[in-house]
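Here are my comments on the model, as numbered points. Please read them with the structure open.

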Amino acid sequence: IIGAQKPGTSTLYRDLETHPRIAFSHHKEPHSLCSDKVLTERGRRDYMSYFRAAPPDALCAEASTGYTKIPEHTGVPARAKGVLGDDIRLLYIVRDPVDRAVVHHHHVLSEGRMPASFDESLASDERLVAFGKYAMQAEAWLQHYPADHLRIIVFEEYVRARRETIEDVQRFLGLEPMGHLADADALHNAADQRMAVRSWLRGVTSSDFYSRTVRRLTPSPLRRGVARRLGLIQPPAPRRQPPSAESVERILAETRADRARLAEMLGRREPIWSEDETRRRWADRRAATPSPA
């Protein structure tokens, strides 16, 4: 799973993880292919160690949103080709780029790494738009892999037809479809449910030891319950003012050509997302959100 950031990659990961023949890396987001270190002998060895527990007949998988984060990370597809060769399959889940940017901002805001105002962040951080230029991000991969190795999943369609989408993906991976094993009502790492790990603890929760032991052997609800009682996690940042009409228009304008290209890549004549619907949705949210004091 190569991304994108904040359009449901965690839910896709959890749904696919239920298939008995898919073995995900013990570290959910290794991001190994973001660095040239993976091309060294030690880097390759470290990367392959993430799949050490995979059964012999399983498909090894990982999910790192950094693999579609140009300009923050470049050269990822070339590293993938060098380390993994030709025979891999790529899953890329995308959503309305305005919605994605807002959830991205909320996610980073929870970690104290962006201004509280979405409009201010949009003006100063190109990633909020760039990570939502899906055709551009996908085409970097298509320079190294054929189009039939890449499956682009539209988040909004995935939500509406969860089981059907999962089974379609499983067939794409050459597996017997078992969508019934996934919990079609569960959403994972949703922004309004996500708990922010306190900054001093992130080094522990992102460590190899934590991934191999605590995360792998302890159910998520139990981990979260214990962490809450011990005060190790904090609620996510409160929702801020929705993007202004000007910010919505800016994202729509800057992604318009890319969205048209993405529709072509998916063989569609109609736009994937309606601009009018996006404008109306965010206008309704602004109307329903009290102005800051």
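1. Is strand β4 (residues 150-154) mostly covered or mostly uncovered? It is mostly covered: four of the five residues of β4 are buried. Bear in mind throughout that this is a predicted model.

2. The partner of β4 is easy to trace. Strand β3 (residues 90-94) pairs with β4 in the parallel sense, over five bridges. One place to look is Val94, whose bridge partner in β4 is Val154. As a general point, side chains in a regular strand alternate between the two faces of the sheet.

3. Next, helix α1 (residues 9-17). Seven of its nine residues are buried, so α1 is largely enclosed by the rest of the structure. The buried residues are Thr9, Ser10, Thr11, Leu12, Tyr13, Asp15 and Leu16. What do they pack against? Two of the elements are the paired strands β3 and β4. The buried residues of α1 also pack against β1 (22-24), α8 (155-160) and α9 (162-172).

4. Arg100 deserves a close look. Arg100 sits in helix α4 (residues 97-110). This residue is buried yet has no salt bridge. Which side chain of opposite charge is nearest to Arg100, and how far away is it? It is Asp125, at 8.3 Å. A salt bridge would need a side-chain nitrogen within 4 Å of a carboxyl oxygen, so Asp125 does not supply one.

5. What, then, surrounds Arg100? A polar atom of the Arg100 side chain lies 3.2 Å from the backbone oxygen of Gln5. Leaving aside neighbours within four places in sequence, Arg100 is in contact with Gln5, Lys6, Arg95, Arg127, Leu128, Phe131, Gly132 and Tyr134.

6. Lys6, one of those contacts of Arg100, has its own peculiarity. Lys6 has a positive phi of about 70 degrees, although it is not a glycine. Lys6 is located in the segment before α1. The relative accessible area of Lys6 is 11%, so this residue counts as buried.

7. His31 also has a positive phi, near 55 degrees, and is likewise not a glycine. His31 belongs to the loop between β1 and α2 (41-49). Is His31 buried or partly exposed? With a relative accessibility of 25%, it counts as partly exposed. For background, most residues other than glycine have a negative phi, and most peptide bonds are trans.

8. Two cis peptide bonds should be checked by eye. One runs from Gly3 to Ala4, with omega near 0 degrees. Ala4 lies in the segment before α1, as does Lys6. Another runs from Ile70 to Pro71, with omega near 15 degrees. Pro71 is found in the loop between β2 (59-61) and α3 (76-84).

9. Last, the aromatics. How many aromatic pairs does a search of the whole structure find? The search finds six. In the pair of Tyr47 and Phe51, the ring centres are 5.5 Å apart and the planes stand at 85 degrees, so the pair is edge-to-face. Both Tyr47 and Phe51 are buried. Together with Tyr50, they form one aromatic cluster.

How values were computed: Residues numbered from 1 in each chain as written. Predicted model: local features only at pLDDT ≥ 70, side-chain atom pairs only at ≥ 80, totals over all residues. Heavy atoms only, no water. Buried < 20%, exposed > 50% of the residue type's maximum accessible area, 1.4 Å probe, protein only. Pairing = 2+ DSSP bridges. Contact = heavy atoms within 4.5 Å. Lys, Arg positive; Asp, Glu negative; His and termini not counted. Polar contact = N/O pair within 3.5 Å; in protein donor to acceptor, adjacent residues only side chain to side chain. Phe/Tyr/Trp six-rings, centres within 6.5 Å; stacked < 30°, edge-to-face > 60°.
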